[in-house]
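The exercises below concern strand pairing and helix packing, and each is followed by a worked solution. Please keep the sequence and the model in view while working through them.

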Amino acid sequence: MVEVLNVSSLSKSFGAIKVADDLSFQLELGECLGVIGPNGAGKSTLLNLIVGLIRPDSGRIILDGSDITGLRPHLRARRGIGRAFQIPQPFPHLTVYENVLAAATFAGGMHEDAAAEAAIEVLQLTALFAKAELLAGGLPLIDRKRLEFAKALASQPRLILLDEIAAGLTEPEVARLTEVIGGVKAGYAMIWIEHIPHALRAVADRILVLDFGRKVLEGAPGEVMDSPAVRRIYMGFAADDVA
Ligand SMILES: Nc1ncnc2c1ncn2[C@@H]1O[C@H](COP(=O)(O)OP(=O)(O)OP(=O)(O)O)[C@@H](O)[C@H]1O
């Protein structure tokens, strides 16, 4: 087992609001940690703490054995943290290939042939190869989501952070995106915030439940999703709604 991320006793408050409250968890290579919790629970804040956009009040973040708690965001990115957002933001006037190539070059620090090879490999992994020459701005939402994920992969990450990447997709599209994410996860450590329970069930190895910045529960997806407390309090639906 290779530990990629170790978060210990991470705390952060904005004024009187605790957005991270003594959070600790670990993540190994090939593992996907799903993160759920109600609106305002601190899920995006956790990712912002990990990428360095927000500094914690206390606690430590260790990536691949090195303490990155004090590092600035661009230096953390260089250590191998890639992020994909809910709203994809490709360069619309560049092709799909050029977008991924730009990520491999500028975020991944690769040059010429190596960047081109990496871009092609990522396009294949994300089922975008056939669309490589299309302009990113004209893609349907599912392909823009794939491209968002492809750009994160092209940045040569060890740790991939996914922030509600499946939001806004139809059911069949969620399944297609989930297949892509599940297909590559063995090579990375992943944290995936998502409000779609069955997407997390399909890919996540563990699920961490946040509320008011606190870890309420962490465990196997079935166990966590089937917990009456999670169904009622944190996800706002009744037991029978979960597939
Ligand atoms: N920069 C900031 N300054 C002050 N308060 C903030 C800041 N960023 C986040 N917050 C507050 O921290 C709390 C947690 O926000 P966060 O976006 O992390 O929640 P979330 O779990 O991701 O919610 P959602 O599911 O709605 O995206 C919220 O109350 C939010 O208003």
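**Exercise 1. The faces of a strand**

Which residues point one way from β3 and which the other way, and are they buried or exposed?

*Solution.* The model is a predicted one, and the strand in question, β3, spans residues 32–36. Sorting its side chains by direction, one finds Cys32, Gly34 and Ile36 on one side, while Leu33 and Val35 point the other way. Both sets are buried, in keeping with the count for the strand, in which five of its five residues are buried.

**Exercise 2. The neighbours of β3**

Determine which strands pair with β3, in what sense they run, and which residues stand opposite Val35 and Gly34.

*Solution.* Begin with β8 (residues 189–193), which pairs with β3 in the parallel sense over four bridges; within this pairing, Val35 has Ile193 as its bridge partner. Turn next to β9 (residues 206–211), which is likewise joined to β3 by four bridges and runs parallel to it, with Ile207 of β9 standing opposite Gly34.

**Exercise 3. Helix α3 against helix α4**

Describe how the axes of α3 and α4 are arranged, and then say which residues make the contact and how they divide by class.

*Solution.* The axes of α3 (residues 96–107) and α4 (residues 112–125) come within 9 Å and cross at roughly 125 degrees. This angle lies outside the range of 65 to 115 degrees for roughly perpendicular axes and is not over 145, so the pair falls in the oblique class, and α3 and α4 are therefore oblique to each other. The crossing is right-handed. On the α3 side the contact is made by Tyr97, Val100, Leu101, Ala104 and Thr105, and on the α4 side by Ala115, Ala116, Ala118, Ala119, Val122 and Leu123. Divided by class, the residues of this contact comprise 10 nonpolar, one polar and no charged.

**Exercise 4. Helix α3 against helix α5**

Carry out the corresponding analysis for α3 and α5, from the angle of packing to the classes of the contact residues.

*Solution.* Helix α5 covers residues 141–154, and its axis lies 7 Å from that of α3, the two packing at an angle of about 30 degrees. Because angles under 35 degrees count as roughly parallel, α3 is roughly parallel to α5. Here, too, α3 passes its partner in a right-handed crossing. Helix α3 contributes Val96, Asn99, Val100, Ala103 and Ala104, whereas α5 contributes Leu147, Ala150, Lys151 and Ala154. The contact of α3 with α5 has seven nonpolar, one polar and one charged residues.

Notes:
Residues are numbered from 1 along each chain as its sequence is written. This is a predicted model: local features need pLDDT of at least 70, side-chain atom pairs count only at pLDDT 80 or more; totals for chains, interfaces and linings use all residues. Axes are lines fitted to C-alpha atoms, for helices over the stretch in contact, and angles run from 0 to 180 degrees between N-to-C directions. A crossing is left-handed if the near helix is turned anticlockwise from the far one by less than a right angle, and right-handed if clockwise. Two residues are in contact if their C-beta atoms, placed from the backbone, lie within 7 Å. Ala, Val, Leu, Ile, Met, Phe, Trp, Tyr, Cys and Pro count as nonpolar, Asp, Glu, Lys and Arg as charged, and the others, Gly among them, as polar. A residue is buried if 20 or more other C-beta atoms lie within 10 Å of its own, exposed if 12 or fewer, and partly exposed in between; C-beta atoms are placed from the backbone. Two strands pair if DSSP finds at least two bridges between them.
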